[in-house]
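Subject: Structure handover

Hello,

Here is the structure for you to look at, with my notes below it.

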Amino acid sequence: MKYSVLILGPVAEIFLEDCRIDFNPEASDFRGYDLVADLKTGLIHIPPTGESVPFPERDYRQVLAENLKALAAREYDEKTTLEMLAGSRELFENAKRLYLREYRDLTPRLESRYSRREYLKLRELIHKVKGYALYVGGNLLTEVAERLEAELTDGKSDYYHHFIRLHERLLKRIQVENV
């Protein structure tokens with residue numbers, strides 16, 4: 001699944017590999033994006049983390065590529081996961097196979113609960129995924145799940161779309177590694 005980038009500013013010729021790029025100077029809803037570059041304020045917003053960083057005045061294609069690379073490194077961290085599993089590659093591979101088996105159909109299950117506003121059931125399912133994602137390298141998914149859990153308690157769901165995208169990318173990564 002590609003990363004989605006929103007540029008708040010004038011349309012320019014820009015291409016980044018494995019990215020969908022939208023240009024909309026008036027957008028204010030960032031839920032559908034992994035990275036938002038606001039050329040007016042000079043900030044890069046990272047909606048899945050809720051963070052913003054200054055946008056240095058350089059070739060913005062390079063700046064976006066660097067920030068996407070940093071986001072990808074934060075999103076999936078095999079090294080830390082292996083350390084948590086005492087270096088056991090076997091446990092790691094087993095965890096990935098189990099994640100695939102348990103959560104391959106997660107998105108439709110979540111969508112069903114989300115569309116019916118069954119936030120308690122949605123929260124329970126996200127809580128289960130949160131704990132498991134950490135053992136398959138899904139660090140950012142775990143962070144976003146924690147935020148979404150808290151939001152759902154208050155009847156909000158701003159991080160829901162980020163959770164879905166991160167889960168789908170984690171699934172694809174695990175499937176590729178287990179082929």
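Two strands pair if DSSP finds at least two bridges between them. By that rule strand β1 (residues 3-8) pairs with β3, since four bridges join the two, and they run parallel. Please keep in mind that this is a predicted model.

Overall make-up

The protein has seven helices and five strands. Along the sequence the strands come before the helices, in the pattern β-β-β-β-β-α-α-α-α-α-α-α. For 179 residues, a compact globule would have a radius of gyration near 16 Å, and the value of 17 Å for the protein agrees with that. Along the principal axes, the C-alpha atoms fill a box of roughly 45 × 40 × 25 Å.

Of the 179 residues, 44% count as buried. The accessible surface comes to about 9700 Å², and carbon and sulfur atoms hold 52% of that area. Among contacts with a separation of 6 or more, 58% are between residues 24 or more positions apart. As for charge, there are 28 positive and 31 negative side chains, and the centres of the two sets lie 4 Å apart.

The strands

Strand β3 (residues 35-38) is a good place to start. In a regular strand the side chains alternate between the two faces of the sheet. Which residues of β3 lie on each side, and are they buried or exposed? L35 and A37 are on one side, V36 and D38 are on the other, and all four are buried, so both faces of the strand are covered. The cut-off for buried is under 20% relative accessible area.

β3 has pairing partners in β1 and β4. Towards β1, A37 is the bridge partner of I7. Towards strand β4 (residues 43-46), the pairing is antiparallel and runs over three bridges. D38 has L43 of β4 as its bridge partner, and V36 stands opposite H45. The hairpin of β3 and β4 has four residues between the strands, and G42 in this hairpin takes a positive phi near 75°.

β4 also pairs with strand β5 (residues 51-54), in the antiparallel sense and over four bridges. H45, which stands opposite V36, has S52 as its bridge partner in β5. Here too the hairpin has four residues between the strands; G50 takes a positive phi near 75°.

Loop residues

E26 is in the loop between β2 (19-23) and β3. E26 has a relative accessible area of 65%, over the 50% cut-off, and is therefore exposed. Its C-alpha lies 9.9 Å from that of I7, with their positions 19 residues apart in sequence.

If you check backbone angles, two residues other than glycine have a positive phi that you may want to look at. A86 has phi near 55° and sits in the loop between α2 (78-84) and α3 (89-103). Its relative accessibility is 74%, so A86 counts as exposed. R117 has phi near 55° as well, and is found in the loop between α4 (106-115) and α5 (119-133). With a relative accessible area of 61%, R117 is exposed.

Regards

Notes. Residues numbered from 1 in each chain as written. Predicted model: local features only at pLDDT ≥ 70, side-chain atom pairs only at ≥ 80, totals over all residues. Heavy atoms only, no water. Rg over C-alpha atoms; globule rule 2.2 N^0.38 Å. Buried < 20%, exposed > 50% of the residue type's maximum accessible area, 1.4 Å probe, protein only. Contact = heavy atoms within 4.5 Å. Areas by Shrake-Rupley, 256 points an atom, 1.4 Å probe, with all protein chains shown as cover. Lys, Arg positive; Asp, Glu negative; His and termini not counted. Charge placed at Lys NZ, Arg CZ, Asp CG, Glu CD.
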